[in-house]
Every structure is written in structure tokens, then in C-alpha cells.
Amino acid sequence: MLLNPVISKLSGKLVVLASASPRRLEILSNAGLRFEVVPSWFKETLDKSLFKSPYDYAVETAKQKALEVAHRMPFKHLKRPDVVIGADTVVTVDGLILEKPTDKQDAYRMLSRLSGKEHSVFTGVAIVLCHDKSGSDTDYKVVDFYEETKVKFAELSEEMLWEYINSGEPMDKAGGYGIQALGGMLVEYVKGDFLNVVGFPLNHFCKQLGLIFNSPHESPAHKVKRESDEAWSLVNSLSEGATNGEVELLENGKDVSQSSMQEQNVIGPEFSRQDIPHSIISLLDGFKASKTLFTASKLKVFDVLNSSNSLTLEEVAGQINASVLGTERLLEAAVSLGLLERVKQQNTSVYRNTEQASRFLVSDSPESLNGYILHCNDMVWPLFSHLENAVREGTSQHERAFGKKNEDVFQDAYYSKDEVKIRFMDAMHSIARVTGKDVATAFDLSPYKTACDIGGCTGAMAYEFTKAHPGLSVIVFDLPQVIEMRRHFQPKETDDRVSFVAGDFFKDDLPKADLYVLARILHDWSDEKLHVLLSKLSKMCTPGCGLLVSEIFLDEERKRPSRALLQALSMTEGKQRSPTEYSDLLEKHGFTPKHIKHTDNLLDAMLFVKEDPNNKRTLLGCSSASIETAELE
């Protein structure tokens, strides 16, 4: 039975919820609404400072979420929704917007700020109405509103705070608490709509539906706004659609590949969603999505489309030297993953790159991941095809995959033929170009004058460091074979502050510097080899010298990000670590952790400083400039 007569107005319409939130799904399902779930790919990175009030920010985010789905569905799903619902919930206190905490320390800061205070919970909601226009165009109208609820927290003891944080509940909730679960124990009172705090203001939503569908004409009071296709840019996420979280580009902690696979048909409150294992179903197809990306890159589909504004199926097939049938199915799969767009032109369809594909998949793009994608196809994919043996034996499967032992493959495959050597370096170059700026700008490095990028390969990251820090010069230290081949990756604008020195960081002396950079190095080697390297570094560094470590950082419970844990299945001799584990490792060699930066890119960063063993004080740089006591921010 429908609990609200207004919801019956949506009967027979394709209604879509642009959110993967289980709380919003439950609220709307319990009200009797039939809908599909298509999580939005919109990145929640709007500049909060541009909005006059928190609710304006929440409303705009909700609108962009809903519009992204409304624009994407006709291309990806080949069907047009009638109504798309977007929502965004924020918590505000003392003039600050609190969204989802990034880690336990962030959750602690949020909840401490809420302790003993009354705060506001705003949920912005956008209802996008989709209507056919002349031809194949669609007219989009937006009704948006917000709801505010006041919530008062009790005074929270340290014990209660950490007990709640360690439950894990705060980590995916705005403001760091869930009022409908354990977080309800922290609340003294609620003024307003309780469901608004849970995540969706059902009462206000139903009132808006009544205004929309019971009124014969549009009224300004309904806050209906037309959105032109030209004014709204379709937001696609390469990492979301491509590899089930394998490539988490500019990802803010969301695995959108899983989200896109979690689309559900909600047929009423009597239907048990637990009967359908959507997360498992998404994993079943994850490898197919990865291989689609790999194959399109290998066949240079994105390069071919980049050379023209758009191409027909037959034109693409001819340029990649493939069958029309096979090309058609590859292109359609790429469209469904958000990698390509298919548009109607006169009596035919043409294909073109999405904005993300042009930026990250075209081989000569400044931020291209093409090299790393081909490395995954040629080197990583064969290893994972032997994962069962790797798990049983606990060893790398290089010999089964390539016919040679691990060390032989590294020497013979990577370093015997220039073309293979360049391919491997291109993979490392890809990662460095995409992550380098975020790593280089993570901390204030002005006290340092010379840096050494150990295992710095082509120097891509070193150039980012010199761009970000005008007073810094960087030495790239890597194997002689790598230094010899670096000429293939020289940037268009050379920088005299970047130099190259050949050597083996396990065997040879390291160049003298007052800052050392270890990017994607520590996770790859055994504890014994790391002891050799870090002992050498410790002896080289005088008190105050810096060590910048850039890796994928696991959370303290070793549950996320999945990309790091999946990478560990390649069974290298090293291992993935959390910030605490990296701190423990480095402290054993005299380095104290000072700052941590989660970049929302492929790599995070930590800054360590060499201790003074005499007075246990640390100095920033080899000068006497002091730094605050150890702080993970």
C-alpha cells in the first residue's frame, strides 16, 4: 500500500535516485516509491567559499548529482528517466561545514567540535524533471529545496568519543555520526525532521511533489528552473567506470565502478534488496571492464578518436585495423563505462572521447595514463591470471606468467630491449605525472635547498618539485640503464635545477641532500632490504634533514583503499602499510613523523624529519629552523 497519495503521481514513471546511500534508499522505499538507483559520478569538490550559506552548497551539490545522472542515462543506459532525485546532507557548527571524515583523527576533530553544542543538519534536494523536446533533445527542469534540523549533542567524554569512532560508524556519514544507529546515543534532542538528519527530508519532499504534480501550470513558487544541455557539462569519472577501483584517479574515496554496477530496480517495500548481492555482481564484471579499457588503449582507440572530432564505427574499425563487429562491441562497452560518447549525427551515430578520456587516455596527453594501462595489460594481468597459485604458494608468479623468475624478468624483460625498457619507464612516468603535483605541494618545503629523488626514474616527479618550490634543486638517483634512457621522457621545458645521477640505492653511495624523496619505493621491498636502504639514509642525514614518503596509505584497520590491498596480491617481497606502520618503520631508523597528507590522488604523502639523538629535538632542514612537535594533520 502506498503510504503517501502524492507518491502515486509517480506511478508509471521512470524515477531514479542519484545516490548509493542505503539510508535514502530505505526512506524512499518505505514510503512506497518505486525507483531505480543510479549513483552519481559527480565529484563533490565544489568550493564552499563561493556559497553564501551551507544550504546553498548542499542544494547545488544535490542538483549537480541529479543532473549528472539525468544527462548520462540516455547514453550509458540508452533510456531517459522521467524524474531524477539528488540529495546532499551536510552538518554545520560554528560556521563550518562538516562532511564525511577522511580518517579517525578527522572524525575525532568533528565529534569534539559537536560535543555539548547545538548544530544544524542541512539536506539539499534536487528533483530533475526530464521531458522530450523536438528531435532527440531533452528538456531538464529542476526543483530544489532544503531542510534544516537542529541537533544538540551531549558533552562527550574522551572514552565515549573513541569508543564510537572505533565502532567504524562515523566514517561514511556527514558530521561523523549516524543518528539512526549508535550515534543516537550522543544526541540530547532534535528540533525538526528526524529523517532529514538520517539523510532525506521525506515530508518536505512529498510536499514538493504535491506542488509539482497537482498544479496544472508551473509557478515561480515551485522553484522550477530550466537547465540547458549546453550550460551543463557532463561529469564522467574514468576511475569509476573503468577498473572497479584499480585506478582511483582524483577519487575522493569513492569506488564508482562499484557504484555504477549497483544500479537496482526498486519495486516496492515488500521487496527484499538483501536477496540480490549487488556488490558481488559488480565484482563479477570488474575484470571485463578492466580488459575493455586495456584493449581500447592497446588498439589506440582513444588516440584515433583524438585525431578527429568524431568518427563513425566503420572509420574507427578501419583505423585500428579491426573487424566492424568487434569494434562495434568494444565501442559500445566503452560507452557504457563512460570512456566514450556516442552521439547521433544526421542518419548515423559517431563516437568521440569523453573529457576524461581526452585528458588521461590519449597517449600524448600531458596527464596520460596510457603507459601505466599498457603495463597493467602486459605485466599485471598475466600475473593475476595465476592468482590461485600465488595464494597457495605465497610467492610471485613471474615464472609461470613469463617463463622466468622474478629477478630474471626484471633484468631480461625490462632491461634487455630498449622498447620494453621504455614501456616500463613509461608506466612509471604516467603515475609520476598524474600524482607529482599533489605530492610536491603536500607540504611547505621552503627550508630545504637540495633534494634527492631516490628511484626517481624519468624525473617527472622531480620536475613537479622544482615547479612547486623555486628554491629547491633535485637530484634524480636511479639505475644506470634508467638514467641512460631518460632522454625519451625529457619535458618540453628543461629545468637546470633537476640533475641525474646513476647508481644502485642498495649498493652505491647516495647523493648528499637535505631532503630525500621515496615515492613508490618502500612498498616494493622486503624488510631486510628496507633496513639496508633506511640505515644508509639514516647515516647520510644530519639532524633536521627531511624524508618525504609517498605511497598508498592503508587505513589503520587495513580495510581501505582496496587498490593497495589488491596490488599486494601480486606477491612482491614487500607489503602495503598504514601511516602508523610507516611511522614505526621509519622511527626505528631515527626519523620522526611530522605531517601526513591524503591527496585524493593515486599516492599520499608523509613528511619525516631526522632526530637529533642527543636532545631528541628535530630540526626542519639542515639549518636550525625549528618545527612543531610531531603532528599528523
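**Asp378 and Arg423**

I started with the Asp378–Arg423 pair in this predicted model. The two form a salt bridge, and I read 3.7 Å between the closest N and O atoms. I then looked up where the partners sit: Asp378 is in helix H14, residues 370-384, and Arg423 is in helix H18, residues 418-440. That puts them 45 residues apart, so I noted the pair as a link between distant parts of the chain, with Asp378 buried at 18% relative accessibility. The cut-off for buried is under 20%. Arg423 comes out partly exposed, at a relative accessible area of 36%.

**Arg577 and Asp527**

Next I checked Arg577, whose side chain meets that of Asp527 in a salt bridge at 2.9 Å, N to O. This one also links distant parts of the chain, 50 residues apart. Arg577 is in the loop between helix H22 (562-567) and helix H23 (579-587), while Asp527 belongs to helix H21 (residues 527-540). Buried or exposed, I asked of Arg577? Buried, with a relative accessible area of 3%. Its partner Asp527 is partly exposed, at 42%.

**Lys529 and Glu573**

I stayed with helix H21 and its Lys529. The side chains of Lys529 and Glu573 make a salt bridge, 3.4 Å from N to O. Glu573 lies in the loop between H22 and H23, so the pair ties together parts 44 residues apart in sequence. For accessibility I have Lys529 as partly exposed at 32%, and Glu573 as partly exposed too, with a relative accessible area of 43%.

**A network, and the total**

I also looked for salt bridges that share partners, and noted one network joining Lys104, Glu557 and Lys559. How many salt bridges does a search of the whole structure find? My tally says 26.

**Nonpolar cores**

Then I turned to the largest nonpolar core, which has 48 residues. Which members touch the most others? I wrote down Ile85, Leu111, Ile127, Phe153, Tyr177 and Phe205.

I picked Phe153 for a contact list, leaving out residues up to four places away in sequence. It touches Leu111, Leu114, Ser115, Gly116, Lys117, His119, Tyr177, Leu186, Val187 and Glu188. Leu111 and Tyr177 on that list are also among the core members with the most contacts to other members.

Apart from this core I found another, of 39 residues. Val301, Phe302, Val316 and Leu602 are among its members.

Technical notes. Residues numbered from 1 in each chain as written. Predicted model: local features only at pLDDT ≥ 70, side-chain atom pairs only at ≥ 80, totals over all residues. Heavy atoms only, no water. Core = buried A, V, L, I, M, F, W, Y, C linked by side-chain atoms within 4.5 Å. Buried < 20%, exposed > 50% of the residue type's maximum accessible area, 1.4 Å probe, protein only. Contact = heavy atoms within 4.5 Å. Salt bridge = Lys/Arg side-chain N within 4 Å of Asp/Glu carboxyl O. Helix = DSSP H or I, 4+ residues; strand = E, 2+ residues; numbered from the N terminus.
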